[in-house]
Amino acid sequence: MVAARVASSVVRRQVRYVTPVPAGTARGLVADVYAQAEREQKLVVPPVLLHSPAPPVLAAYWMLMREPLVAGRTVDRRTKEAVAAGVSVANTCPYCVDMHSISLYDLATEDDAEAVADDRIVDLRDPAVRAVAGWARHAHATATAPPFPAAHAPELVGVVVAFHYLARVVNVFLPDHLLPAGLTGAARRRFKRAVGRLLRPTLRGAPRPGRSLALLPAATLPDDAGWAAADPVIAGAVARAYRAFDRAGEEAVPAAVRALLRERLDRWDGSSPGPGRDWYDDACAGLPGPDRAAGRLALLTAFASYRVDDEVVGAFRGTAPTDRALVQAVAWAAYVAAREVGRRCLRPAAR
């Protein structure tokens, strides 16, 4: 019990910009999500904690991630972790790359884990995993037919969508790296090997599908999430999560900013916008003055989340000072981008 409290305190301190709800004081929906996360991951991890100031968004994140990735189904966990790591690389999220390459230390081989982390997916030994991970790595930018049967789409596209969402949010609220900064070479591998062994029970378990659905009310699956329809549980999770994210955006993000981000995503070719500031300053120039801080935060979260910094967050706080509003705004922008990636994933097959 003491060790659990210490671990919980340490991971809470990783979260920046907002104050997470401590596990010991959580109530209602937050407590329900924490209980599921602790049962299945043995710890309320930082990506769960950072969402806690906005309870419906926390539940939406949890079901969007849990049902495709964690719950036991048809696709093996090794393949899904390779997909998660590849998407994390695509989003320049070192924290998520560390986490999911560690998972591959136990589920695959160290060489495979490091190949994904180093963006060398072509070096993966298993051709089936290599094909799926390579497709996922570029799913946001290239029209490549999915290298898996249609029955696997709810799980694999679900993981792609979940991690296009999560990597963006993690880039805003968590440190650049999960592992100690001084670790290099053989020491870094030894550390990852040890953590992988600790995670083994959670990685090799198969929690019951659907446990998260009771967290949010039922909703209708949107047409652009048809990739989830073949699995009623994942479809239910996606429908509920999408509606919760939409409502968070309506509450925390000005209508003009929501329209601007959707218009930019319609024209997005999947490429990075580059290092300068002109692109988002120009995009926000037509917004009403009070909306520009929210516009910059939303655009950066969607297109270059690794560049959200104290200045961008501070400007948003000047117009929306609560932790809840900040979590809602970042989550909504990350979700809209991830939803667009999901929409594109099966487009070549449909043609």
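## Core, helix and loop features of a predicted model

Leaving aside neighbours within four places in sequence, Tyr165 is in contact with His51, Val57, Tyr61, Leu64, Phe245, Ala331, Ala334, Tyr335 and Ala338. In this predicted model, Tyr165 and Leu261 are the residues that touch the most other members of the largest nonpolar core, which holds 106 residues. Apart from that core lies another, of 11 residues, including Ala85, Val116, Leu124 and Val129.

Thr301, which lies in helix H14 (residues 292-304), is in contact with Arg168, Val172, Val308, Val330, Ala333 and Ala334, when residues up to four places away in sequence are not counted. Thr301 counts as buried because its relative accessible area is 0%, which falls under the 20% limit. The side chain of Thr301 nevertheless has a polar partner, since it reaches the backbone oxygen of Leu297 at 2.8 Å.

Helix H11 covers residues 232-252, and its 21 residues should span 30 Å at 1.5 Å a residue, so the 30 Å between its end C-alpha atoms agrees with that expectation. At the N-terminal end of H11, Asp231 acts as a cap through a side-chain oxygen that lies 2.9 Å from the backbone nitrogen of Val233.

Gly205 is found in the loop between helix H10 (185-203) and H11, and counts as partly exposed because its relative accessibility is 32%. Although Gly205 and Gln41 are 164 residues apart in sequence, their C-alpha atoms are 9.9 Å apart in space.

The two polar distances are set side by side here.

| Side-chain group | Backbone atom | Distance |
|---|---|---|
| Asp231 oxygen | Val233 nitrogen | 2.9 Å |
| Thr301 side chain | Leu297 oxygen | 2.8 Å |

Conventions. Residues numbered from 1 in each chain as written. Predicted model: local features only at pLDDT ≥ 70, side-chain atom pairs only at ≥ 80, totals over all residues. Heavy atoms only, no water. Helix = DSSP H or I, 4+ residues; strand = E, 2+ residues; numbered from the N terminus. Expected span 1.5 Å × (residues − 1). Polar contact = N/O pair within 3.5 Å; in protein donor to acceptor, adjacent residues only side chain to side chain. Buried < 20%, exposed > 50% of the residue type's maximum accessible area, 1.4 Å probe, protein only. Contact = heavy atoms within 4.5 Å. Core = buried A, V, L, I, M, F, W, Y, C linked by side-chain atoms within 4.5 Å.
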